[in-house]
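User: Before I rely on the terms used for this protein, I would like to see how each one is earned. Could you take me through the reasoning term by term?

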Amino acid sequence: MNNLLTEKIQENLYYIGVNDRITQLFEGMWPLPDGVAYNSYLLTGEVSICMDVVKDTTVQGFLEKLYEILGDKELDYLVINHIEPDHSSGIVELLSIYPHVKIICNKKTVPLLESYYGITENIIEVKDGEVLKLGDRELTFYMTPMVHWPESMVCYEEATKTLFSQDIFGGFGTLNGAIFDDEVKFDDYYLSETTRYFINIVGKYSGQALKALNRLESLDIKTICPVHGVIWRKDPSKILDLYTRLSKQKVTDGVVIIYGSMYGNTERMAEAVAKGVVEGGISDVRIRDISKTNLSYLLADTWKYKGVILGSCSYNNNIFPPMSFLIEELKHQKMKNNIWGFFGSYSWSGGAMKRFDQFAEEMKYNVLDIKPEIKGAATDEQIQELKDLGKEMAKRILADKKED
């Protein structure tokens, strides 16, 4: 064994994951400016156990690493913690080489194995809390439904205190020569991509994520091996704490202003609102043009900032279509710790503010009373009203901060 491609995590545990720098949109939606890693792991000893596979488009690199360790030996077991295709579609190629491998999964995974890949044989079903002895390994399985698919589960090996966590504790971004938390500057890059990953992929299931975290709280975890992002061997408590904060939507004392504008009038209104926020004493302000900013970053900002102000022009007696799409997606996020503000513009007939009001009422949001709705370009008096909206947002955020 040359060990040219694989990396040892601990004795008889190897990293056999791969990087994907080709795919531009994760799940066809979320931007991957720096790619993504599909992590897989191989346990060796009396038996060989593979933890999750990789996406079919990257399976060749995975198989090379697997063969580098196993050589002519058989692969005995494959654990599928999560069957989403970026972690399972390489299974067809894997089974062509190791047709006798036994597949370990839970009851909800079984029908998906058949519907995706036509696999119905050599399946070992595990239940929540079940301990499975495989050679010199003992693995305990915990169901984590809707984090973020119904069949999601994690696997824990008590002897080495290692948690194989599937998508939980994952993040966007490739692993560039380093795979461990103590080898990278996590806060400089991976923090933002891990945060965006959570909000985009897991955020709408944050309640279930918190339940899963509470469930794992009793485990003595020394190493966390997720299927995306870095492996945590030095300070696993850091990613545990981050995911807990994100699951609770711990907001920061700042404001994001997201606007939709066709000819610039609504954009100028957004600038006036931002000026009011700053004059009110809040310095962390971000303005986002909804026509240019991917939904991924808009959702991340609304989850992060305590103050969220949405502004839109009217369009065909309704709201600007990109803003309509955003508020429909925001409904799924079920956020609870924000203060919301709205402003709108129109030419001959309104529509934007009506949709904002419906949205706020449906979600039972904490909304500012000032709601400027302006025809055409804002006058000096209306600019002041927009600034007042920003000032009121700042006032509310600072008042809540004092109470905390």
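Analyst: Two strands count as paired if DSSP finds at least two bridges between them. With that cut-off in hand, and bearing in mind that this is a predicted model, we can begin at the N terminus.

User: What makes β1 and β2 a pair of strands?

Analyst: Three bridges join β1, residues 7-10, to β2, residues 13-15, and because pairing requires at least two bridges, the term applies. The two strands run antiparallel, with K8 of β1 standing opposite Y14 in β2. They form a hairpin that has two residues between its strands, and in the turn N12 has a positive phi of about 65 degrees.

User: How do you know that β15 and β16 are paired, and in which direction do they run?

Analyst: Here too there are three bridges, joining β15 (residues 162-164) to β16, so the requirement of at least two is met. These strands run parallel, and T162 has T223 as its bridge partner in β16.

User: Why are β12 and β16 called edge strands?

Analyst: The five strands of this open sheet follow the order β12-β13-β14-β15-β16, with mixed pairing. β12 (131-134) and β16 (223-225) each pair on one side only, and that is what the term edge strand refers to here. From one strand to the next, the twist averages 25 degrees.

User: How do you know that the length of α7 agrees with that of a helix?

Analyst: The 15 residues of α7, 265-279, should span 21 Å at 1.5 Å a residue, and because the end C-alpha atoms lie 22 Å apart, the two values agree. After α7 comes G281, with a positive phi near 110 degrees.

User: Which residues of α7 are called buried, and what covers them?

Analyst: Buried means under 20% relative accessible area, and the residues of α7 that qualify are T266, M269, A270, A272, V273, A274, G276 and V277. Their cover includes the strands β17, β18, β19, β21 and β22, together with α11 (380-403).

User: What makes you say that domain 1 and domain 2 are in contact?

Analyst: Contact means heavy atoms within 4.5 Å, and by that criterion 14 residues of domain 1 (7-248) touch 11 residues of domain 2 (256-401). The domains bury about 1,100 Å² between them, with 57% of it on carbon and sulfur atoms. On the domain 1 side, R196, I199 and K204 lose the most area to domain 2, together 43% of what that side buries. The domain centres, taken over C-alpha atoms, are separated by 39 Å.

Key:
Residues are numbered from 1 along each chain as its sequence is written. This is a predicted model: local features need pLDDT of at least 70, side-chain atom pairs count only at pLDDT 80 or more; totals for chains, interfaces and linings use all residues. Side-chain values use heavy atoms; hydrogens and water are left out. Helices (H or I, at least four residues) and strands (E, at least two) are DSSP runs, numbered from the N terminus. Axes are lines fitted to C-alpha atoms, for helices over the stretch in contact, and angles run from 0 to 180 degrees between N-to-C directions. The expected span of a helix is 1.5 Å times one less than its number of residues. Buried means under 20% relative accessible area, exposed over 50%, partly exposed in between (1.4 Å probe, protein chains only). Domain bounds come from an automatic or database domain assignment. Buried area is the accessible area (1.4 Å probe) that two parts lose on being put together, summed over both.
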